[in-house]
Amino acid sequence: DFGSQYLWTTTIFLGLEALITFILLIKLADLLSVVITTAVIFMASWFIEYWGVTTGFPFGVYTYSGILAPHIGGVPLAIMFAWFTVTACSLLAARYLLKGSSEFSAVVIASIFVLATDILLEPFASFVNNFWVWQSGAVPLQNFVSWFAVGIIFVFTISQLIKWNKTESHDSFKYKIPLIITAINILNFSVVNVANGYYILTAFGLVIFTAIIASTLFFKQKN
């Protein structure tokens with residue numbers, strides 16, 4: 001209850017994360033391509049969320065509460081910030097782990113990161129903070145399948161639309177900042193989830209993150 005009075009700051013926090021991610025992309029790639037890609041992801045995420053709330057497809061039947069203000073056509077601005085930040089940071093983190101060796105592998109790994117993020121996010125956002133409400137009272141399996149599918153599309157879009165600076169080292173600090181942003185979100189979701197008794201989804205999400213990072217580093221070292 002103490003924290004509930006500060007939930008209105010969530011949009012500001014997510015907006016700051018999106019701004020930092022946008023600035024990072026500008027430092028790592030061509031400005032115009034970053035602006036165009038950001039606009040595409042924002043518009044696409046608004047459309048998919050509007051379609052989802054209106055029809056129940058592809059995520060399942062859910063409604064947004066009024067906590068994540070402001071709304072644009074029934075979709076919280078914070079959700080568009082979140083989609084952009086999660087997908088872009090996941091790709092940058094994957095590119096860092098792979099040191100640029102395979103863009104295809106980076107897209108696949110980033111998409112799994114997006115799925116793992118949602119697994120941790122759902123209890124935190126839906127059941128603890130009531131940002132949105134599932135009609136069935138539980139998170140449907142199709143939500144996770146759809147997050148992975150949409151994640152692939154968004155990550156691939158970012159990967160291909162952006163004109164990357166090929167002289168920028170994947171070991172640079174600019175590539176480490178997305179890892180920090182992702183780690184902050186993972187820690188935030190996990191601590192709140194565990195404190196409220198949501199152990200299974202939290203453990204599952206953390207296991208996926210750990211397994212993917214560990215296996216990536218292992219095979220990278222072998223090669």
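The structure holds 1 cavity of 30 Å³ or more, and I should say at once that this is a predicted model, in which local features need pLDDT of at least 70, side-chain atom pairs count only at pLDDT 80 or more, and totals for chains, interfaces and linings use all residues. Residues are numbered from 1 along each chain as its sequence is written, and side-chain values use heavy atoms, with hydrogens and water left out.

Rolling a probe the size of a water molecule over the atoms shows where empty space is left. On a 1 Å grid over the protein atoms alone, a cavity is a set of points where a 1.4 Å probe fits but cannot get out, whereas a pocket is an open set with protein on both sides within 12 Å along at least five of seven lines, and lining residues have an atom within 4 Å of a point. Grid points are joined across faces, edges and corners, and a volume is the space filled by probe spheres set on the points.

The largest cavity, then, has a volume of about 80 Å³. Its lining is made by Thr85, Val86, Cys89, Ser90, Thr117, Ile181, Thr182, Asn185, Ile186, Phe189 and Phe209. Two elements, α3 and α6, give two or more residues to that lining, where helices (H or I, at least four residues) and strands (E, at least two) are DSSP runs, numbered from the N terminus. The largest share, 5 residues, comes from α6. By class the cavity lining has 6 nonpolar, 5 polar and no charged residues, with Ala, Val, Leu, Ile, Met, Phe, Trp, Tyr, Cys and Pro counted as nonpolar, Asp, Glu, Lys and Arg as charged, and the others, Gly among them, as polar.

Let me turn to the pocket. The largest pocket has a volume of about 660 Å³ and is lined by 37 residues, of which Thr10, Phe124, Asn129, Phe131 and Phe189 lie nearest its centre. Elements that give two or more residues to this lining are α1 (10-28), β1 (62-64), α3 (77-98), α4 (103-128), β4 (132-134), α5 (141-161) and α6 (173-195). Which element gives the largest share of the pocket lining? That is α4, with 6 residues. By class, the pocket lining has 22 nonpolar, 11 polar and 4 charged residues.

On the surface, Tyr6, Trp8, Ile12, Leu16, Leu19 and Ile23 make a nonpolar patch of about 620 Å². Patches are made of residues with over 30% relative accessible area and no salt bridge, like charges being joined within 9 Å and nonpolar side chains (Val, Leu, Ile, Met, Phe, Trp, Tyr) within 5 Å; the areas come from the Shrake-Rupley method with a 1.4 Å probe, and for residues only the protein chains shown count as cover. Ile23, placed in helix α1, is partly exposed with a relative accessible area of 40%, on a scale where buried means under 20%, exposed over 50%, and partly exposed in between (1.4 Å probe, protein chains only).

Next, the backbone. The peptide bond from Phe57 to Pro58 is cis, with omega near 10°, and Pro58 sits in the loop between α2 (31-55) and β1. The bond from Ala69 to Pro70 is also cis, with omega near 0°, and Pro70 lies in the loop between β1 and β2 (71-72). Asn130, in the loop between α4 and β4, has a phi near 55°, a positive value in a residue other than glycine, and counts as partly exposed at 38% relative accessibility.

Finally, the charged pairs. Side chains of opposite charge can pair when their charged atoms come close. The count comes to 3 salt bridges, each being a side-chain nitrogen of Lys or Arg within 4 Å of a carboxyl oxygen of Asp or Glu. Arg95 pairs with Glu103, the closest N and O atoms being 2.6 Å apart; Arg95 is buried, with a relative accessible area of 6%, while Glu103 is partly exposed at 27%. Asp171 forms a salt bridge with Lys99, the closest N and O atoms being 3.5 Å apart, and this pair links distant parts of the chain, with Asp171 in the loop between α5 and α6 and Lys99 in the loop between α3 and α4, 72 residues apart. Asp171 is partly exposed at 44%, and Lys99 counts as partly exposed at 33%. In the salt bridge of Lys174 with Glu168 the closest N and O atoms are 3.4 Å apart; Lys174 counts as partly exposed at 29% relative accessibility, whereas Glu168 counts as buried at 16%.
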